[in-house]
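Student: Got a minute to go through this model with me? I'd like to start with burial.

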Amino acid sequence: MEGLLQRIFRGQYETASAKENHTEVGDNMEDSTKLLLERIERDSREREARYHKDAQEREQRYRDEMQEQDRRWKQEAKEREERILTAIREGSERTETKISSVEEEIRLIKSEVSSSVKHSQSLVTANIWGSIATVAAIVAMAITVFLAVR
């Protein structure tokens with residue numbers, strides 16, 4: 001079939017007219033051949049139009065898919081950003097809470113250290129006065145013994 005079509009297109013089936021200046025249909029080719037060529041040409045145009053339409057439809061589907069994918073990616077990015085911001089906010093709040101509890105513990109420790117220092121100072125003072133009293137008592141006893149012995 002393909003070989004026949006190539007020969008038709010090359011004009012191998014053309015027939016010369018028996019009369020000069022003959023202008024009727026079929027001067028150079030038979031009517032059936034012309035009809036065949038017209039049908040082949042029409043089929044070729046229809047096929048080309050179909051291919052063109054299919055290509056446009058594929059391209060449109062591709063564009064639609066790309067737009068949908070782009071929309072999904074943007075939505076996912078937005079959701080991811082919101083999750084990250086929420087996590088940062090929650091982390092910040094937890095950190096502030098922990099810092100507050102640490103500050104409160106530091107205040108408690110300072111007050112305990114302060115009371116411990118005051119207690120230690122009072123013990124030191126008591127020890128000093130106790131030492132002084134002990135020394136005074138020993139001196140008094142020594143004087144009493146010295147006076148009693150004399």
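Student: What share of the protein chain is made up of buried residues?
Tutor: Buried residues make up 5% of the 150 residues in the protein chain. Buried means under 20% relative accessible area, exposed means over 50%, and partly exposed lies in between (1.4 Å probe, protein chains only).

Student: Anything to know before I read on?
Tutor: This is a predicted model: local features need pLDDT of at least 70, side-chain atom pairs count only at pLDDT 80 or more, and totals for chains, interfaces and linings use all residues. Residues are numbered from 1 along each chain as its sequence is written, and side-chain values use heavy atoms, with hydrogens and water left out.

Student: How many helices and strands are there?
Tutor: Two helices and zero strands. Helices (H or I, at least four residues) and strands (E, at least two) are DSSP runs, numbered from the N terminus.

Student: Which residues of H2 are buried?
Tutor: Thr33, Leu37, Ile40 and Gly91.

Student: What span should H2 have, and how far apart are its ends?
Tutor: At 1.5 Å a residue, its 119 residues should span 177 Å. The end C-alpha atoms are 171 Å apart, which agrees. The expected span is 1.5 Å times one less than the number of residues.

Student: Switching to salt bridges. How many are found in the whole structure?
Tutor: Six. A salt bridge is a side-chain nitrogen of Lys or Arg within 4 Å of a carboxyl oxygen of Asp or Glu. One of them joins Arg63 and Glu59 at 2.5 Å, N to O. Both lie in H2, four residues apart, about one turn of the helix.

Student: Is Arg63 buried or exposed?
Tutor: Partly exposed, at 45% relative accessible area. Glu59 is partly exposed too, at 38%.

Student: What about Glu104?
Tutor: Glu104 forms a salt bridge with Arg107, with the closest N and O atoms 2.6 Å apart. The two are three residues apart in H2, so about one helical turn separates them. Salt bridges that share partners also join Glu68, Arg71 and Arg72 into one network.

Student: And nonpolar surface? Which residues form a patch?
Tutor: Val135, Val139, Ile143, Phe146 and Leu147, with about 500 Å² of accessible area together. Patches are made of residues with over 30% relative accessible area and no salt bridge; like charges are joined within 9 Å, nonpolar side chains (Val, Leu, Ile, Met, Phe, Trp, Tyr) within 5 Å. Accessible areas come from the Shrake-Rupley method with a 1.4 Å probe; for residues, only the protein chains shown count as cover. Phe146 itself is exposed, at 54%.
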